[in-house]
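User: I would like a close look at a single part of this structure, followed through its surroundings.

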Amino acid sequence: MHLSSDTPVRLTRFAHGGGCACKIPPGELEDVLGGLSGPVPAPGDTPLLVGTATGDDGAVVSLPARGGTAARAVVATADFFTPVVDDPYDWGRIAAANALSDVYAMGGRPLVAVNLLAWPRDVLPFELAREVLRGGLDIATEAGCHVGGGHSVDDPEPKYGMAVTGLADPDRLLRNDTGRAGMPLSLTKPLGLGVLNNRHKATGERFEQAVATMVTLNRDASAAALAAGAVCATDVTGFGLLGHLHKLARASDVTAVIDTAAVPYLDGARQAVRDGYVSGGTRRNLEWVEPFTDFGSADAGTRLLLADAQTSGGLLVAGEVPGAPVVGELVRRGAHSVVLK
């Protein structure tokens, strides 16, 4: 079957999941990656500043200063996923903003990206793929990031994203292993993207507030964090706030305390949870963090939202970011990596 360009298409119907909820569960991923690491660089090679050890948002390699040029760091990352919304242009914008976010989460500036496209060419018209790529290009252009081609494959399930290379100051990186007790925690986008996207996939309802949040670049949040002197951050995507916070607290050897009343949510998010629009990825996130989390008196809905698999979510910064709510703090390491108050 091949759908014509005149046939209304719900792209999310062609995906087994949606957006970052399609990620391999964090516990399974850590089992796969355990013991895998690259060779130790020889003397004189460019050092790997950030690799796989702490599960950070991107890989970072240091370029030494030469000929009067200051030392720089190269940030490399890749991200792609199945359709999270039905509109192909919006999907392209969301996927690009999500891929670029990993560079911003490291304190970098995106320089060049290449497209990653999987397309069921015998089923979906290429006019839709063009719209996806146009959306990605428009977001990259907004970010001041070149797009230099990419790679495509014929695949039964549509997927899109980008591999992105950026530049950063090696002395001003945002990392997930540099948190210290006493630092406040700021969150730059509200939660609830996962449940609203899951409701969209099931019903076709369109949530403009979710799309607007997902296509917003984390550029300004990253710049504000750096200007405020922050050294520790991560973005909140497929592993949910609790999953990414657990990784940050574990890497930094601290405990993160979250004030659940201070966490912002998108309009309609709590209702979507009450109505049962919770993805399998979100439930797997919650299952993974349960041994490391003191949930206090948080109810089931709050726990699910805190574990909600976000797509193109905001930055979680150890420090105060102007305009972003403070949702908790880092304290000395206790029995749990995350505590809810």
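Which residues of β9 lie on one side and which on the other, and are they buried or exposed?

Analyst: This is a predicted model, and what follows should be read with that in mind. Strand β9 has Val254, Ala256 and Ile258 on one side and Thr255 and Val257 on the other, and these residues are all buried, so that both faces of the strand are covered. Five of the five residues of β9 are thus buried, and the strand is therefore largely enclosed by the rest of the structure.

The setting of this strand is an open sheet of seven strands with mixed pairing, in the order β8-β11-β7-β12-β9-β13-β10. The edge strands of this sheet are β8 (233-235) and β10 (293-294), each of which pairs on one side only, whereas β9 stands between β12 and β13 in the order. With β12, strand β9 pairs in the antiparallel sense over five bridges, and within this pairing Val257 stands opposite Glu329 of β12. With β13, in contrast, β9 pairs in the parallel sense, over three bridges, and here Ala256 has Val338 of β13 as its bridge partner.

Following the sheet one step further, past β12, leads to β7. Strand β7 (residues 184-187) is joined to β12 (residues 326-332) in the antiparallel sense by three bridges, and Pro184 stands opposite Glu329 in β12. Glu329 therefore lies opposite a residue in each of two strands, Val257 of β9 and Pro184 of β7, where strands count as paired because DSSP finds at least two bridges between them.

A helix also packs on this sheet: α7 (residues 240-252) touches β7, β8, β9 (254-258), β11 (315-318), β12 and β13 (338-340), and its direction makes about 150° with that of β9. The contacts of α7 thus include β9 together with both of the strands that pair with β9, namely β12 and β13.

For orientation, the model also holds another open sheet, in which six strands with mixed pairing follow the order β1-β2-β3-β6-β4-β5. At its edges stand β1 (48-50) and β5 (146-154), each with a single partner strand, so one side of each is left without a neighbour in the sheet. Within this sheet, strand β3 (residues 72-81) runs antiparallel to strand β6 (residues 159-168) and is joined to it by nine bridges, with Val164 of β6 as the bridge partner of Thr77. Helix α2 (residues 88-105) lies across β3, β4 (109-119) and β6, at about 150° to β3, while helix α3 (residues 126-142) touches β4, β5 and β6 and has a direction at about 170° to that of β4.

Technical notes
Residues are numbered from 1 along each chain as its sequence is written. This is a predicted model: local features need pLDDT of at least 70, side-chain atom pairs count only at pLDDT 80 or more; totals for chains, interfaces and linings use all residues. Side-chain values use heavy atoms; hydrogens and water are left out. Helices (H or I, at least four residues) and strands (E, at least two) are DSSP runs, numbered from the N terminus. Contact means heavy atoms within 4.5 Å. Axes are lines fitted to C-alpha atoms, for helices over the stretch in contact, and angles run from 0 to 180 degrees between N-to-C directions. Buried means under 20% relative accessible area, exposed over 50%, partly exposed in between (1.4 Å probe, protein chains only).
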